[in-house]
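This briefing introduces a structure to a reader who is meeting it for the first time. Please look at the sequence and the model before reading the notes that follow.

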Amino acid sequence: MAHTEVVRTRIERELKADATAVLEEMGMTISQAIRMMLVQVVQTKELPFAVKAPSLNARARKVVEEEHLNPTGKEHESADAFFRDLGI
């Protein structure tokens, strides 16, 4: 299959240099690594690495736990909307 599409992204110079050095040690280019990742995304329908949400601070965790124990029945379109409604 011919490679006809171009994917571009802006990243920090240091990140590119560090990634290039590591990938060269593995015998591949950044383009090859990105293509491998995209093939995995298509084949598995998920990212080939774990993605985790940032941890909640203590106050936000307490509010979420209280809402879980005593639900108000309100629905929110996003976590940000939920936290805004709670005054966080």
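Helices (H or I, at least four residues) and strands (E, at least two) are DSSP runs, numbered from the N terminus. The model is predicted: local features need pLDDT of at least 70, side-chain atom pairs count only at pLDDT 80 or more, and totals for chains, interfaces and linings use all residues. Residues are numbered from 1 along each chain as its sequence is written, and side-chain values use heavy atoms, with hydrogens and water left out.

**Helices α1 and α2**

- The expected span of a helix is 1.5 Å times one less than its number of residues.
- For the 13 residues of α1 that rule gives 18 Å, and the 19 Å between its end C-alpha atoms agrees.
- Helix α2 covers residues 30–44, and its 15 residues reach 21 Å from first C-alpha to last, close to the expected 21 Å.

**Positive phi angles**

- Most residues other than glycine have a negative phi.
- Glycine 27, just after α1, takes a positive phi of about 80°.
- Lysine 45 has a positive phi of about 60° although it is not a glycine.
- Lysine 45 comes just after α2 and lies in the loop between α2 and α3.

**Exposure and separation**

- Relative accessible area sets the classes: buried is under 20%, exposed is over 50%, and partly exposed is in between (1.4 Å probe, protein chains only).
- Lysine 45 counts as exposed because its relative accessibility is 73%.
- Asparagine 57, also placed in the loop between α2 and α3, is partly exposed at 48% relative accessibility.
- Between asparagine 57 and threonine 20, 37 residues apart along the chain, the C-alpha atoms are separated by 35 Å.
- Alanine 21 belongs to helix α1 (residues 13–25) and is partly exposed at 39% relative accessibility.
- From alanine 21 to glutamate 77 the distance is 42 Å, C-alpha to C-alpha, with their positions 56 residues apart in sequence.

**The meeting of α3 and α4**

- Axes are lines fitted to C-alpha atoms, for helices over the stretch in contact, and angles run from 0 to 180 degrees between N-to-C directions.
- The axes of α3 (residues 58–69) and α4 (residues 79–86) come within 11 Å and cross at roughly 90°.
- That crossing makes α3 roughly perpendicular to α4, a class that spans 65 to 115 degrees.
- In contact, meaning heavy atoms within 4.5 Å, are Ala60, Val63, Val64 and Glu67 of α3 with Phe82, Phe83 and Leu86 of α4.
- By class, this contact has six nonpolar, no polar and one charged residues; Ala, Val, Leu, Ile, Met, Phe, Trp, Tyr, Cys and Pro count as nonpolar, Asp, Glu, Lys and Arg as charged, and the others, Gly among them, as polar.

How values were computed:
Angles under 35 degrees count as roughly parallel, over 145 as roughly antiparallel, 65 to 115 as roughly perpendicular and the rest as oblique.
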